[in-house]
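Please read the points below with the structure open beside you. They go from confidence in the model to its core, its rings and a few single residues.

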Amino acid sequence: MAENGEEKLLAVARHIAKTLGQNDTMADDILQIFSNFDGRFSREKLSEKMVDDNHPRGCAALERAVNSLDRQISQYVALDHPIWAHTADSSAFLDAIDDLIRTMRDWEPMAADKSVSACLVRADDLMHQAMFRVGDEFRSLMDRGAESFELNRSNHESTGNLSFDSDDDNEENEDGLLHNGADLDHQIPVAQPVTDYDIVIDALPSGTVSDLHEIAKRMVAAGFVKECSHVYSTCRREFLEESISRLGLQKLSIDEVQKMPWQELEDEIERWIKAANVALRILFPSERRLCDRVFFGFSSAADLSFMEVCRGSTIQLLNFADAVAIGSRAPDRLFKVLDVFETLRDLMPEFDSVFSDQYCLVLRNEAVTIWKRLGEAIRGIFMELENLIRRDPAKAAVPGGGLHPITRYVMNYLRAACRSRQTLEQVFDESNVVVPSNKLDDRRASSSSMSVQMAWIMELLESNLEMKSKIYRDSALCSVFMMNNGRYIVQKVKDSELESLIGDDWIRKHNAKVRQYCTNYQRSSWNKIIGTLKLDNSSLASNAIAKSMKEKIKSFNTQFED
């Protein structure tokens, strides 16, 4: 307390000298008077602060502080072993960084003074050295933590829901061929199927997360947010990309996906669906949680780091879906494109919740754009189906007026498509399906977009079949052909979702068409045959009648066989 009182007394004396002294000479005279008056006002004590306040040598205290911190920090920067290997070292190092941050902040308002500015430059250089070393420690902690996670995952793979090893040593693919696990040693192990997505992965031990948070606090306070985020995101991005690779998904460009044979692409789509679900429902939320813990209290840094971690993997997933969307519109691709569309649709809530910050907005928007593009692809595939029906040529007639292959293909195609009715209704309702008005009645014009689309395709099919029926020279066989194909169409509608989609009126109308084809067949075949048996007895003699009857019976038998 005595020392504190003396400091206050000296401060008052210095203030008086500074206020009354109009120049340096007068101030010195006043200080001399004080020193003669009381021994506590020695010239050295009084003049020390005056020099600090009015002379370039005023950074003496700052210089002493910087020198002291330089000695403390340099010894840790020069260490050839991890600082965080010993708690005492890491605590002392962080304390020194705190002192340096505080010193620079306190003296920053006086940076206009050249001597202070020079000291701050030294302090800033020391800060860069400290941040460079602490960044290395940050990376080292993350690497060691990841190694610990790998070891734990290997030891407990049998109890975890998310395993990164193959199901069996011998696997059977969809072609029924067995692959020996020993032949796949050079490949990345593929994860087992995941059925429970209510999982959060703690990829780093809690103690490591706490250490990382303490380092992040200092780096953010020192203005090294981007550097800290870069170190963090680089380490976690590698882990995330490896995890997705272990799910079996190849890293392919859009061009590579489009050039892939369809059978291979079908298999890759199955792997993509699994990888997308695990990524959006397990891996990304786990990374979001880890980011929030490491950068707790610094939401902007957490958002930036999370975006940098997940951006590459997210773009990889979205690019694959985009490649599928802009690929071939061949009708046989519909069902796999529907799978991709439905997967992305079902993951939209995850995109909204996980990528909710400003930095991830572009990823969320891109996901919505590609999802809509997949919807356009689905509509395009149905347009290609229409073109396929229109272009199917009328070549050779089907023997016996039987079922034409295009009828079987189109109707089974539509039946299979209706299993995804809810999805297709969503796809068609989001577009303006334009169908020539002269091809639809008023009832159909007021139906759902999907029912209009299905009815229109079947009308195109009927028109194509009518064109093919003209190949038959025998009108009766032409009617048989239309009757057989028309009955098949109606039966397929009644045995599927198509019935509830296009309604009973359509079925009644087309049953009437089938009956009309039957009537046409009777008129052009049996009526003609029966007519051959009619005799005109009025003008013929009895022997002539018998001869005519024999000829008519012979003609009847011939036509009956036909």
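1. pLDDT is the predictor's confidence in each residue, on a scale from 0 to 100, and a contact means heavy atoms within 4.5 Å. Both terms are needed here, since this is a predicted model. Over residues 46-58 the pLDDT stays under 50, and the model gives this stretch 23 contacts beyond four places in sequence. Residues 434-446 also have pLDDT below 50, with 16 contacts beyond near neighbours in sequence. Where pLDDT is low, the predicted coordinates should not be read in detail. Please treat the contacts listed for residues 46-58 with that in mind.

2. For the chain, the mean pLDDT is 81, and 76% of residues reach 70 or more. Which elements have the lowest and the highest mean pLDDT? Strand β2 (residues 178-180) has the lowest, at 34, and helix α12 (residues 334-346) has the highest, at 96.

3. The secondary structure consists of 23 helices and 2 strands. Of the 562 residues in the chain, 43% are buried. If one takes the contacts between residues at least 6 apart in sequence, 75% of them join residues at least 24 apart.

4. Next, the core. The largest nonpolar core has 138 residues, and the members that touch the most others are F382 and L414. Helix α10 (residues 262-294) supplies the largest share of this core, with 16 residues. In soluble globular proteins, nonpolar side chains tend to be buried together.

5. Which residues does F382 contact, leaving aside neighbours within four places in sequence? They are L334, L414, A417, L424, F428, Q453, M454 and I457. F382 also belongs to an aromatic cluster, together with F335, Y409, Y413 and F428. F428 is therefore worth finding in the display, as F428 appears both among the contacts of F382 and in the cluster.

6. There are 15 aromatic pairs in the count. One of them joins Y76 and F93, with 5.5 Å between the ring centres and 40 degrees between the planes, which makes the pair tilted. Y76 lies in helix α4 (residues 60-77) and F93 in helix α5 (residues 87-107), so this pair ties together parts that are 17 residues apart in sequence. Y76 and F93 are both buried.

7. F556 and F560 form a stacked pair: the centres are 6.0 Å apart and the planes differ by 25 degrees. F556 and F560 are separated by about one helical turn because they are 4 residues apart in helix α23 (residues 542-561). F560 is partly exposed, with a relative accessible area of 46%.

8. Two arginines lie over ring faces. R236 is over the face of F239, at 4.3 Å from the ring centre. R288 is over the face of F306, at 4.8 Å from the ring centre.

9. How many disulfides does a search of the whole structure find? The number is 0. C310 is in no disulfide, and the nearest cysteine sulfur, which belongs to C360, is 7.0 Å away. A disulfide requires cysteine sulfur atoms within 2.5 Å, so the sulfur atoms of C310 and C360 do not qualify. C310 is buried, with a relative accessible area of 0%, whereas C518 is partly exposed at 27%.

10. Three residues remain, each paired with a residue elsewhere along the chain. K513 is in helix α21 (residues 504-524) and is partly exposed, with a relative accessible area of 28%. Its C-alpha is 9.2 Å from that of M482, and the two residues are 31 apart in sequence.

11. D202 sits in the loop between β2 and α7 (206-221). D202 is partly exposed, with a relative accessible area of 44%. Along the chain D202 and E287 are 85 residues apart, while 8.8 Å separates their C-alpha atoms.

12. Is M383, in helix α14 (residues 361-391), buried or exposed? M383 counts as exposed because its relative accessibility is 52%, and the cut-off for exposed is over 50%. M383 and R329 are 54 residues apart in sequence and 8.6 Å apart in space, taken from C-alpha to C-alpha.

Technical notes
Residues numbered from 1 in each chain as written. Predicted model: local features only at pLDDT ≥ 70, side-chain atom pairs only at ≥ 80, totals over all residues. Heavy atoms only, no water. Core = buried A, V, L, I, M, F, W, Y, C linked by side-chain atoms within 4.5 Å. Buried < 20%, exposed > 50% of the residue type's maximum accessible area, 1.4 Å probe, protein only. Phe/Tyr/Trp six-rings, centres within 6.5 Å; stacked < 30°, edge-to-face > 60°. Lys NZ or Arg CZ within 6 Å of the ring centre and 35° of its normal.
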